[in-house]
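Ready for a few short exercises on reading a protein model? Have the sequence and the 3D view open, try each task, and then walk through the solution.

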Amino acid sequence: ISERGSRELKDLQYSVPGLSISELAPGTEQVELRGVSVFSGQSTVGVYMDDLPLNAETAQSGLNMRLLDVARVEVLRGPQGTLYGQGAMGGTIRYITNTPGLEEFAGNVSAELATIKEGGTDSSIEGVLNLPIVQGKFGVRVAAAHQHFGGWVDNTTLNLKDANSGSSDIVRGRALWRPDDKLSVSLTLSHQKLEVGSINLSDANRTTTSAVPTPTSSKATIANLAINYDMNFATLVSSSGWIDRNDTNQYDLSPAFIPALEAPPPFGLGYPSGTFASISYHVPSSNKIFSQEVRLSSGGKGPLQWTIGGMFRNSRTATHSFAIVTPNIVPFDLISVNGTNPSNSRSWAVFGELAWTLAPQLKVTLGGRYFEDKRKQDVNSATFGAASSDTNSAKFSAFSPRFNLSWTPSDSATFYLNAAKGFRSGGFNRLSAGLGLVTVPPTYDPDTLCSYEFGGRF
């Protein structure tokens, strides 16, 4: 990671087959694996920091995880529905952070400076400090980083040079207590803030004519308590997590909405041409997520290895988004959403996986996961004056199996047969989107993906 100069996941995507990342701005990651793309709804790729799931409720809101003091990044091809649950249809990405060292004091500081051709200046500074408080028993590791993004998009309408410049700050602390060889307790606290002046959209000349600023900001506080206990025959792992995330985005709706307001009836509202200067859409949102996972994994190196576990997740969302019309002469809400965004979720699952080495070169793996997700929508919305109050609830459930057979005839060759199923919950629509003219179904169905794969590595 350090040799590549990578600061975030998108810097690594070119070395991972099948991984693709797009974003309108930092903090709006849309991660795709194996061609399983998504425009709306929940993500199709599970994202974890250690054992803590990071996904929010919408696909285009991936947390902008900085590769600060990260030991490695694991990319697991999907579906990964058995061990990692819903949203892992394309696969799973895990950020594995460094563990505090309990024996020696250590630290490092690094800084970089770069220029962007026909753009601004990019700079960063980061540092890591490892402190063994009680030799061999208790230690703390603290990492912090600041980065200034040099922009390259000029807004010619607002006369803003390098409008998409911004900054990112992150501080993460991790404490590790290991009273004996069997028990370890780790607490990770992280806070990060991101502010960017504009989304990364422009023409070929690096310019945009957006009539309003389009900034994006994101703040996230993360806590993760992990307990590992060696029971000799198996290892018990508990991971408790809390995420408090608040985002604010603003979009320019002028090109789409002004023509509709100024077009003659019946195609528009008939306002004289040039009446409106701009229409912006202000979108604040919050997501508060509690998660708990417990699993038991077999110890030793015998021919039979297994994992069983369960998880619980409670996610609550909210938004108060609205359009700002200049001049404000439209007698109704052009577009607004108040309430859940898109819905609240309470889910649980039980899972298990069994790996049996039939022969030194032959191994079979069987796994399964049962999952239930209760989702609730409570939102008031309006689109071009058509308003609706949508209160819905639904339960989505699935069983996701996995089968893998691998044959390793030599140290340099492996052949495998894999069959797996992935799942993603359905959700709710906003009836106001039909403008009172089109019937909008209140819910949309869940997604499933079945994969059958045969391959080899040499």
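**Exercise 1. Find the residues with the most contacts inside the largest nonpolar core, and the strands that supply it.**

Step 1. In this predicted model, the largest nonpolar core has 20 residues. Those with the most contacts inside it are V31, L54, I93, Y95 and I222.

Step 2. Next, look at the strands. At least two residues of this core come from each of β1 (19-22), β2 (30-33), β3, β6 (91-97) and β14 (216-230). The most generous of the contributors is β3, which gives three residues.

Step 3. Now zoom in on I93. Setting aside neighbours within four places in sequence, I93 is in contact with L9, L19, V31, L33, V45, G46, V47, Y48, V73, E74 and V75.

Step 4. Finally, look beyond this core. Another core lies apart from it and has 16 residues, including F257, L261, I279 and V337.

**Exercise 2. Work out which parts of the chain the salt bridge between R94 and D51 ties together.**

Step 1. Start with the general idea: side chains of opposite charge can pair when their charged atoms come close.

Step 2. Check the distance. The closest N and O atoms of R94 and D51 are 3.3 Å apart, and the two form a salt bridge.

Step 3. Place the partners. R94 sits in strand β6 and D51 in the loop between β3 and β4, so the pair links parts that are 43 residues apart in sequence.

Step 4. Ask about accessibility. R94 has a relative accessibility of 13%, so R94 counts as buried, the cut-off being under 20%.

**Exercise 3. Compare the accessibility of R402 with that of its salt-bridge partner E353.**

Step 1. R402 and E353 form a salt bridge, with 3.1 Å between the closest N and O atoms.

Step 2. Because R402 lies in strand β21 (residues 386-410) and E353 in strand β19 (residues 344-359), the pair ties together parts 49 residues apart in sequence.

Step 3. R402, at 21% relative accessibility, counts as partly exposed, whereas E353 is buried, with a relative accessible area of 18%.

Step 4. For another pair, turn to D373 and R375, whose side chains meet in a salt bridge at 2.7 Å, N to O. Both D373 and R375 are buried.

Step 5. Widen the view. Salt bridges that share partners join D51, R72, E74, R94, E293 and R295 into one network. The structure holds 20 salt bridges.

**Exercise 4. Describe the largest cavity: its volume and its lining.**

Step 1. Count first: there are seven cavities of 30 Å³ or more. The largest cavity has a volume of about 360 Å³.

Step 2. Its lining is made of 26 residues, and Y48, P53, Y84, Q86 and R313 lie nearest the centre of the cavity.

Step 3. Two or more lining residues come from each of β3 (45-49), β4 (52-53), β16 (278-298), β17 (304-326) and β20 (362-383).

Step 4. Sort the lining of the largest cavity by class: ten residues are nonpolar, eleven polar and five charged.

**Exercise 5. Describe the surroundings of L131.**

Step 1. L131 lies in strand β8 (residues 121-134) and is partly exposed, with a relative accessible area of 31%.

Step 2. Not counting residues up to four places away in sequence, L131 touches F105, G139 and V140.

Step 3. Compare sequence with space: L131 and P100 are 31 residues apart in sequence, and their C-alpha atoms are 7.7 Å apart.

How values were computed
Residues numbered from 1 in each chain as written. Predicted model: local features only at pLDDT ≥ 70, side-chain atom pairs only at ≥ 80, totals over all residues. Heavy atoms only, no water. 1 Å grid on protein atoms, 1.4 Å probe; cavity = no way out; pocket = protein on both sides within 12 Å on 5 of 7 lines; lining within 4 Å. Points joined across faces, edges and corners; volume = space filled by probe spheres on them. Helix = DSSP H or I, 4+ residues; strand = E, 2+ residues; numbered from the N terminus. Nonpolar A, V, L, I, M, F, W, Y, C, P; charged D, E, K, R; others polar. Buried < 20%, exposed > 50% of the residue type's maximum accessible area, 1.4 Å probe, protein only. Contact = heavy atoms within 4.5 Å. Core = buried A, V, L, I, M, F, W, Y, C linked by side-chain atoms within 4.5 Å. Salt bridge = Lys/Arg side-chain N within 4 Å of Asp/Glu carboxyl O.
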